[in-house]
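Colleague: I'm new to this one, so could you take me through it? I'd like to hear what lies behind each label you use.

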Amino acid sequence: MTYRDELLMCEACGKTFIYRVEEQRQQAELGFAPELPRQCPECRAQESLGPGLRAGVVKWFREDKHFGFITQRDGSDVFFHHSGIEGDPEQVMQENAPVWYEVITTERGPQAINVHLRE
Ligand SMILES: [Zn+2]
């Protein structure tokens, strides 16, 4: 797979930005499908602080422990519990399953809820 820098325009603020080869490679290594970002890094960073669905990939899920982790777009992991899964748990518990999720803050830290398959 070859990558090249892409010059894109942000849908939110209209600013042009470069989607660099290194970022594209990092996203691929994290297991994300090759798709161009709709927003510039600044707008994406702001968005990730707010509510709403985010795209991630299941890193692993331990059925005996009832929890797992999701790899986020920025490469960090977020915890999720069995109770945070929506829909068919079997599909969401698979390693590398593409999922949508929301993040809430609990007393033990950030946690993903409303975890469901991205199709
Ligand atoms: Zn922007």
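Modeller: Sure, let's start with the barrel: five strands close up in the order 3-4-5-7-6, with mixed pairing. From one strand to the next, the twist averages 50°. Keep in mind that this is a predicted model.

Colleague: What makes the pairing mixed?

Modeller: Strand 5 (residues 77-81) and strand 7 run parallel, joined by two bridges. Strand 3 and strand 6, on the other hand, run antiparallel, with four bridges joining them. Strand 3 also pairs with strand 4 in the antiparallel sense, over five bridges. In general, strands of a sheet pair through backbone hydrogen bonds, either parallel or antiparallel.

Colleague: How do you know that strand 5 and strand 7 count as a pair?

Modeller: The cut-off is at least two bridges. Strand 5 and strand 7 have two bridges, so they pair by that rule.

Colleague: Which residues stand opposite each other in strand 7, strand 6 and strand 4?

Modeller: Phe80 faces Ala112 in strand 7. Ala55 has Trp100 of strand 6 opposite, and Val57 has Thr71 of strand 4.

Colleague: What links strand 3 and strand 4?

Modeller: They form a hairpin, with four residues between them. His66 sits in that turn and has a positive phi of about 65°.

Colleague: Why is Gly68 called buried?

Modeller: A residue needs 20 or more other C-beta atoms within 10 Å of its own to be called buried. Gly68 has 25 within 10 Å, so it is buried. You'll find Gly68 in strand 4 (residues 67-71).

Colleague: What does Gly68 touch, leaving aside its neighbours within four places in sequence?

Modeller: Val58, Lys59, Trp60, Phe61, Arg62 and Phe80. Counting the same way, from the other side, Phe61 touches Gly68 and Met93. As for Ala45, 23 residues from Gly68 along the chain, the two C-alpha atoms are separated by 24 Å.

Colleague: What makes up the largest nonpolar core?

Modeller: Twelve residues: Val58, Phe61, Ile70, Phe80, Ile85, Val92, Ala97, Val99, Tyr101, Val103, Ala112 and Val115. Strand 3 (54-62), strand 6 (98-106) and strand 7 (109-117) each supply at least two of them. Strand 6 gives the largest share, three residues.

Colleague: Why is that set called a nonpolar core?

Modeller: The name asks for buried residues of certain kinds, Val and Phe among them, joined through C-beta atoms within 7 Å. Val58 and Phe61 belong to the set, so each of them is buried by that definition.

Colleague: How many domains are there, and how far apart are their centres?

Modeller: The chain is divided into domain 1 (6-49) and domain 2 (54-117). Their centres, taken over C-alpha atoms, are separated by 22 Å. Five residues of domain 1 are in contact with five residues of domain 2. On the domain 1 side, that touching set has two nonpolar, three polar and no charged residues.

Colleague: And what does the whole chain come to in helices and strands?

Modeller: Three helices and seven strands, running β-β-α-α-β-β-β-α-β-β from the N terminus. The C-alpha trace spans about 45 × 30 × 25 Å along its principal axes. Of the 119 residues, 16% count as buried.

Technical notes: Residues are numbered from 1 along each chain as its sequence is written. This is a predicted model: local features need pLDDT of at least 70, side-chain atom pairs count only at pLDDT 80 or more; totals for chains, interfaces and linings use all residues. Two residues are in contact if their C-beta atoms, placed from the backbone, lie within 7 Å. Domain bounds come from an automatic or database domain assignment. Ala, Val, Leu, Ile, Met, Phe, Trp, Tyr, Cys and Pro count as nonpolar, Asp, Glu, Lys and Arg as charged, and the others, Gly among them, as polar. Axes are lines fitted to C-alpha atoms, for helices over the stretch in contact, and angles run from 0 to 180 degrees between N-to-C directions.
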